Amino acid sequence: MRAEAYDTDALRAQFPILRRTVGEAGAPLVYLDNTATSQTPGCVVQAIVDGYTRTKANVHRGVHTLSQEATDAMEATRRRVQRFIGAESHEEIIFTRGTTEAINLVAASYCSLLQPGDEILVTVMEHHSNIVPWQLAAERYGLKVKAVPLNDDLSTLDLDAYASLLGPRTRVVAFTAVSNVLGTVNPVRRMVDMAHAAGAVVLVDAAQAVAHERVDVRAWDADFLAFSSHKMYGPTGVGVLYGRRGLLDRMPPYQGGGEMIAHVDIESSTWADLPFKFEAGTPDFVGIAAFHKAIDWMESTGIEAIAAHEESLLLRAESELATLPGVRIFGRAPGKCAIISFLMGTEASAYDIGMLLDQMGIAVRTGHHCAQPLMRALGVSGVARASFAAYNTPAEVDAFIAALRRIHKIFRLG
Ligand code: PMP
């Protein structure tokens, strides 16, 4: 679909939350915090309501109708996710609470197979959820965590440094496909190939990528992939870990409890087959069932069409921002995702910008964005970040820019 053929009005009508106003003045909501979480269309909300009003019963091992329906819905989502990311088997799809839990699972379980002195390579642009779990594992198993730096453009990864950091002790490389601050789209396949050539396994953090580009684990040749439903127009509390079967088979369970066992004795137990070995306890089966609808919604809207629409909003915002003196944009990589991290002059802090925009009904995120090492590399303590999704409009971009012009005046920046 071409960007011009994209019917934003019809699309917006599907999102009840976009009709609300903000603050005492009743400003219409301009939601530009999509990188943190995207909004949810009515069909997904309805699936959650249906889950609670029609089929709520605990999944697996239930003989009664409701339990079987709930189980079927959850397992249908597993197969939907498998198709969505091109995994070989639905048994390689593990439901988690989100990207963070998916990464923690791999860090805790896979790293237990490593030797003291082995290395994990991350990058300086990672979200804390792709740094801290590795640090915890490093402390536990005597491993080292190293990080790939940025190029001088402060936007892209230094791949020469990456090549030299990949050493004989590198066992895991974990990096994001898309930076949640810079919007940079990393060369995933190239980085995966380099890691594999060095004998390391690769975890790709796809939290930001899945809603903006077609993700195919086989095209990327990723060993592990992590993402969250709530950034894909889906429910909160649901995420996915994809893992290559051969690796998941070798890994010990992450948590113990119901669902993940084959046989339990007081002294010892044996584990269920994949994927259940890694799904201890009652999952968010209502959310998982509704996640199916979110994937359907994204695919029927068209991931490429959404990406083209977001890009047109990004270009519109960037060309207007260029006319505002004193605005500093962080993240200049060509082909970046529709994320604009910025500061205005030195007087206005990211927090000031966020507060003032909020008073005008515009929701952006401010602060370190769970990326403190990146903030340090950029030489700032925080930035304001506007990010676009399928339902944002050119008029909202204009409202955002007009609001920035007002802030500009308040701080006498130009
Ligand atoms: N990685 C990236 C790149 C992210 O943007 C986020 C969320 N901001 C996460 C990981 C963590 O996702 P979640 O909080 O859903 O676990």
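How much area is buried between domain 1 and domain 2? I shall open with that question and then go through the parts of the chain in turn. Please keep in mind that what we are viewing is a predicted model.

Let me start with the domains themselves. The domain assignment gives domain 1 as 3-38 + 302-410, and domain 2 as 45-299. Taken over C-alpha atoms, the centres of domain 1 and domain 2 are separated by 28 Å. The contact draws on 38 residues from domain 1 and 31 residues from domain 2. In general, the size of an interface is often expressed as the accessible area that is lost when the parts come together. For domain 1 and domain 2, the buried area is about 2,800 Å², and carbon and sulfur atoms give 60% of that area. On the side of domain 1, the residues that lose the most area to domain 2 are Ile 303, Cys 337 and Leu 374, which together make up 22% of what that side buries.

I turn now to an open sheet of seven strands. Its order is β4-β10-β9-β8-β7-β5-β6, and the pairing is mixed. Two strands stand at the edges, β4 (93-96) and β6 (144-148); each has a single partner strand, so one side of each is left without a neighbour in the sheet. From one strand to the next, the twist averages 20°.

As a reminder, strands of a sheet pair through backbone hydrogen bonds, either parallel or antiparallel. Here, β4 and β10 pair in the antiparallel sense over four bridges, and Ile 94 of β4 stands opposite Leu 241 in β10. Strand β10 (residues 239-243) also pairs with strand β9 (residues 224-228), again in the antiparallel sense, over five bridges. In that pairing, Phe 224 has Gly 243 of β10 as its bridge partner.

Which way do the residues of β4 point? In a regular strand, side chains alternate between the two faces of the sheet. In β4, Ile 93 and Phe 95 point one way, Ile 94 and Thr 96 point the other way, and all of them are buried. A helix also meets this sheet: α4 (residues 99-110) lies across β4, β7 (170-176), β8 (201-205), β9 and β10, and runs at about 150° to β9.

The next sheet is also open, with four strands in the order β13-β14-β17-β16 and antiparallel pairing. At its edges stand β13 (327-330) and β16, each with a single partner strand, so one side of each is left without a neighbour in the sheet. Its twist averages 30° from one strand to the next. Strands β13 and β14 are joined by four bridges in the antiparallel sense, with Ile 329 opposite Phe 342 in β14. Helix α11 (residues 303-321) packs on this sheet and touches β13 and β14, its direction making about 15° with that of β14.

Helix α12 (residues 350-359) has several buried residues, namely Ala 350, Ile 353, Gly 354, Leu 356 and Leu 357. An α-helix has 3.6 residues a turn, so residues three or four places apart point the same way. The buried residues of α12 pack against β14 (339-344), β15 (362-363), β16 (365-367), β17 and α14. Just after α12, Gly 361 takes a positive phi of about 90°.

I shall finish with two individual residues. Is Asn 392 buried or exposed? Asn 392 sits in the loop between β17 (383-387) and α14 (394-410). Its relative accessible area is 1%, so Asn 392 is buried. A polar atom of its side chain lies 2.8 Å from the backbone nitrogen of Ala 389. The side chain of Asn 392 also makes a polar contact of 2.8 Å with the side chain of Glu 396. Farther along the sequence, beyond four places, the residues that Asn 392 touches include Thr 8, Arg 12, Tyr 31 and His 309.

The second residue is Met 298, found in helix α10 (residues 285-301). Met 298 is buried, with a relative accessible area of 0%. Among the residues that Met 298 touches, leaving aside those up to four places away in sequence, are Phe 84, Val 210, Tyr 233 and Ile 303. Met 298 and His 263 are 35 residues apart in sequence, and 40 Å lie between them in space, C-alpha to C-alpha.

Note on methods. Residues are numbered from 1 along each chain as its sequence is written. This is a predicted model: local features need pLDDT of at least 70, side-chain atom pairs count only at pLDDT 80 or more; totals for chains, interfaces and linings use all residues. Side-chain values use heavy atoms; hydrogens and water are left out. Two strands pair if DSSP finds at least two bridges between them. Axes are lines fitted to C-alpha atoms, for helices over the stretch in contact, and angles run from 0 to 180 degrees between N-to-C directions. Contact means heavy atoms within 4.5 Å. Buried means under 20% relative accessible area, exposed over 50%, partly exposed in between (1.4 Å probe, protein chains only). A polar contact is a pair of N or O atoms within 3.5 Å; within protein, one must be able to donate a hydrogen and the other to accept it, and residues adjacent in sequence count only if both atoms are side-chain atoms. Domain bounds come from an automatic or database domain assignment. Buried area is the accessible area (1.4 Å probe) that two parts lose on being put together, summed over both.
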